[in-house]
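Biologist: I am new to this structure. Could we go through it together, one question at a time?

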Amino acid sequence: MSDHDDITHGPAPLGAVDAAPLHDAVDELARALHEYVDTAVGVRAEFGAAEADEDPRILALETRIATHNAGVFDALHSRLGMHPDLTTLTWGEDEAAEHDHEHAEGETAEAEVFYLGFVVTPPTRPTDASMGTVIDLLDEAGEDTVTKLVGAGFDVVEWAASRGEPGLFDDEDDDDES
């Protein structure tokens, strides 16, 4: 019997559920996030941004945070039968403009936007993966692609993994208004 066959994953309401283990999982994640912030501040005081991104302390904490986030997912999944989408990143129109990147004065930078799109259907067999998992996998692939592009000498000014439509960058917004 799979874990999706029990009452937790059924259509009937569960009634009383002990939320304490769910809060414990969130507290563990919160502690790891606070430790990440403290460590990131210290690492950036010592190193540049690119070096800080690859610092072993940062990478270890990112792995720990991902593990704790999976723990939150597992706690919600096992106790409530839900498949929460807790790792998708989204920015509203106003916040997106805050991520502008300017080039050094006098430097000519001709940039182009590239897209790689996927049409994905939900799994056809029992799985703990949800459609939200797709964006997580694409985000990981995006990070790997940025590393490869930078390694090849390109400057990746912006990148995004999005769901539903391509991520919008400031230059595209300007084209829509004309």
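Modeller: Start with Leu 14, which is partly exposed, with a relative accessible area of 34%. Buried means under 20% relative accessible area, exposed means over 50%, and partly exposed lies in between (1.4 Å probe, protein chains only). The model is predicted: local features need pLDDT of at least 70, side-chain atom pairs count only at pLDDT 80 or more, and totals for chains, interfaces and linings use all residues. Residues are numbered from 1 along each chain as its sequence is written, and side-chain values use heavy atoms, with hydrogens and water left out.

Biologist: Where is the place of Leu 14?

Modeller: Helices here are DSSP runs of H or I with at least four residues, and strands are runs of E with at least two, numbered from the N terminus. Leu 14 sits in the segment before helix H1 (20-46).

Biologist: How much accessible area does the nonpolar patch of Ile 7, Leu 14 and Val 17 have together?

Modeller: Patches take residues with over 30% relative accessible area and no salt bridge; like charges are joined within 9 Å, and nonpolar side chains (Val, Leu, Ile, Met, Phe, Trp, Tyr) within 5 Å. Areas come from the Shrake-Rupley method with a 1.4 Å probe, and for residues only the protein chains shown count as cover. For Ile 7, Leu 14 and Val 17 together, the surface patch has about 250 Å².

Biologist: What pattern does the protein chain follow along the sequence?

Modeller: The protein chain has 6 helices and 0 strands. Read along the sequence, the pattern is α-α-α-α-α-α.

Biologist: What percentage of the 178 residues of the protein chain count as buried?

Modeller: The accessible surface of the protein chain comes to about 13,400 Å², and 55% of that belongs to carbon and sulfur atoms. Of the 178 residues, the buried share is 17%.

Biologist: How far apart are the end C-alpha atoms of H1?

Modeller: The expected span of a helix is 1.5 Å times one less than its number of residues. H1 has 27 residues, so the expected span is 39 Å. The model agrees, with the end C-alpha atoms of H1 at 39 Å.

Biologist: Which helices do the buried residues of H1 pack against?

Modeller: The buried residues of H1 are Leu 22, Ala 25, Leu 29, Ala 32, Thr 39 and Val 43. Contact means heavy atoms within 4.5 Å. The buried residues of H1 pack against helix H2 (49-53) and H3.

Biologist: Which residues does Asn 69 contact, leaving aside neighbours within four places in sequence?

Modeller: Asn 69 is in helix H3 (residues 56-80). At 14% relative accessibility, Asn 69 counts as buried. With those neighbours left aside, Asn 69 is in contact with Leu 29, Leu 86 and Thr 87.

Biologist: Which residue forms a salt bridge with Arg 64?

Modeller: A salt bridge is a side-chain nitrogen of Lys or Arg within 4 Å of a carboxyl oxygen of Asp or Glu. By this rule the count comes to 4 salt bridges. In one of them, the closest N and O atoms are 2.8 Å apart, and the partner of Arg 64 is Glu 35.

Biologist: Where do Arg 64 and Glu 35 lie?

Modeller: Arg 64 counts as partly exposed at 33% relative accessibility. Glu 35 is partly exposed too, at 35%. Arg 64 and Glu 35 are 29 residues apart and link distant parts of the chain: Arg 64 is in helix H3, Glu 35 in helix H1.

Biologist: Which residues do salt bridges that share partners join into one network?

Modeller: Arg 57 forms a salt bridge with Glu 46, with the closest N and O atoms 3.8 Å apart. Arg 57 also meets Asp 55 in a salt bridge, at 2.9 Å, N to O. Asp 55 counts as buried, at 8% relative accessibility. The network joins Glu 46, Asp 55 and Arg 57.

Biologist: Why are the buried residues of H5 on the same side?

Modeller: The buried residues of H5 are Gly 132, Ile 135, Gly 142 and Val 146. The arc uses the directions from the helix axis to the C-beta atoms. The buried residues lie on the same side of H5 because they cover an arc of only 50°.

Biologist: Which residues are exposed on the other side of H5?

Modeller: H5 covers residues 131-151. On its other side, the exposed residues are Leu 137, Thr 147, Lys 148 and Gly 151.
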